[in-house]
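Work through the exercises below with the sequence and the coordinates open. Each task is followed by a solution in steps.

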Amino acid sequence: MTGRRGLGLIPAGAKVLATVVGLAIVTAFYWFFDGHNTVGLGTALGVGMGAIVAAFILFAGYVYRDASRRGMPPIAWTALALLVPNGLGFVLYFVLRKPIVHPCPKCGHGVASDAAFCPRCGQSQVAADVRDSWKVS
Ligand SMILES: [Zn+2]
């Protein structure tokens, strides 16, 4: 798996946010539950909570980028993925997401791989060699 496909797709901002929020949660738990002088159960809980929240932020960043390149509304899908409880929003996203769009050879607009024509310029998306083979036969 290349970087572009997996974690590399997550925006840098989401990675920074996940790190900052994760560390803030750990610090908060350490401060309030362990009386900011010992590392105990509160801090351990904080590490767990921080990791879960950070993972959610990273997933949200991934959904945002991935939805954009598939021609799906990214903000709506990111909100859905975050708001549907127990991570079911993420499951829904991965079940319902569309295939990755490819650029139209004429105008460069993103076109779904199963589309016959470009939605912007109307250019046929059937490859030229396929069209020629139809004409011959
Ligand atoms: Zn086009």
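The exercises concern a predicted model and cover a metal site, a helix and a set of salt bridges.

**Exercise 1. The metal site**

Task: Determine which atoms coordinate the zinc ion, and what geometry the site of the zinc ion has.

Solution.
1. List the donors. The zinc ion is coordinated by the SG atoms of C104, C107, C118 and C121, at 2.3 Å.
2. Take the angles. Among the 4 donor atoms they run from 107 to 112 degrees.
3. Apply the criterion. Four donors count as tetrahedral if all angles lie between 85 and 135 degrees. The site of the zinc ion is therefore tetrahedral.
4. Recall the ideal value. For four tetrahedral donors the ideal angle at a metal is 109.5 degrees.
5. Read the spacing along the chain. The donors follow C-x2-C-x10-C-x2-C.
6. Check the accessibility of two donors. Buried means under 20% relative accessible area. C104, with 4%, is buried, whereas C107, with 30%, is partly exposed.

**Exercise 2. Helix α1**

Task: Compare the expected span of helix α1 with the distance between its end C-alpha atoms, then find where the buried residues of α1 lie around its axis.

Solution.
1. Compute the expected span. Helix α1 covers residues 12–33, which is 22 residues, and at 1.5 Å a residue it should span 32 Å. The count used in the product is one less than the number of residues.
2. Compare with the model. The end C-alpha atoms of α1 are 31 Å apart, in agreement with the expected span.
3. Pick out the buried residues. In α1 these are A14, A18, G22, I25 and F29.
4. Project down the axis. The buried residues of α1 fall within an arc of 70 degrees, so they line one face of the helix.
5. Look at the other side. There, A12, G13, V16 and L23 of α1 are exposed.
6. Identify what covers the buried residues of α1. The cover includes α2 (41–69).
7. Inspect what comes after the helix. α1 is followed by G35, which has a positive phi, near 60 degrees.

**Exercise 3. The salt bridges**

Task: State how many salt bridges the structure holds, and which residues they join into one network.

Solution.
1. Recall the principle. Side chains of opposite charge can pair when their charged atoms come close.
2. Count. The structure holds 3 salt bridges.
3. Take the pair within a helix. D66 bridges to R69, with the closest N and O atoms 2.8 Å apart. Both residues lie in helix α2, 3 residues apart, or about one turn of the helix.
4. Add the pair with R70. The closest N and O atoms of D66 and R70 are 2.8 Å apart, and the two form a salt bridge.
5. Add the pair with R97. The side chains of R97 and D66 also meet in a salt bridge, 2.8 Å from N to O. R97 lies in the loop between α4 (88–96) and β1 (102–103) and D66 in helix α2, so this pair ties together parts 31 residues apart in sequence.
6. Assemble the network. Through shared partners, salt bridges join D66, R69, R70 and R97 into one network.
7. Classify the members. D66 is buried, at 0% relative accessible area, and R70 is buried at 8%. R69 is partly exposed at 25%, and R97 is partly exposed at 28%.

Terms used:
Residues numbered from 1 in each chain as written. Predicted model: local features only at pLDDT ≥ 70, side-chain atom pairs only at ≥ 80, totals over all residues. Heavy atoms only, no water. Donors = N, O, S within 2.8 Å, 3.2 Å for Na, K, Ca; no water. Tetrahedral: all angles 85-135°; square planar, octahedral: opposite > 155°, others 65-115°. Buried < 20%, exposed > 50% of the residue type's maximum accessible area, 1.4 Å probe, protein only. Helix = DSSP H or I, 4+ residues; strand = E, 2+ residues; numbered from the N terminus. Arc of directions from axis to C-beta. Contact = heavy atoms within 4.5 Å. Salt bridge = Lys/Arg side-chain N within 4 Å of Asp/Glu carboxyl O.
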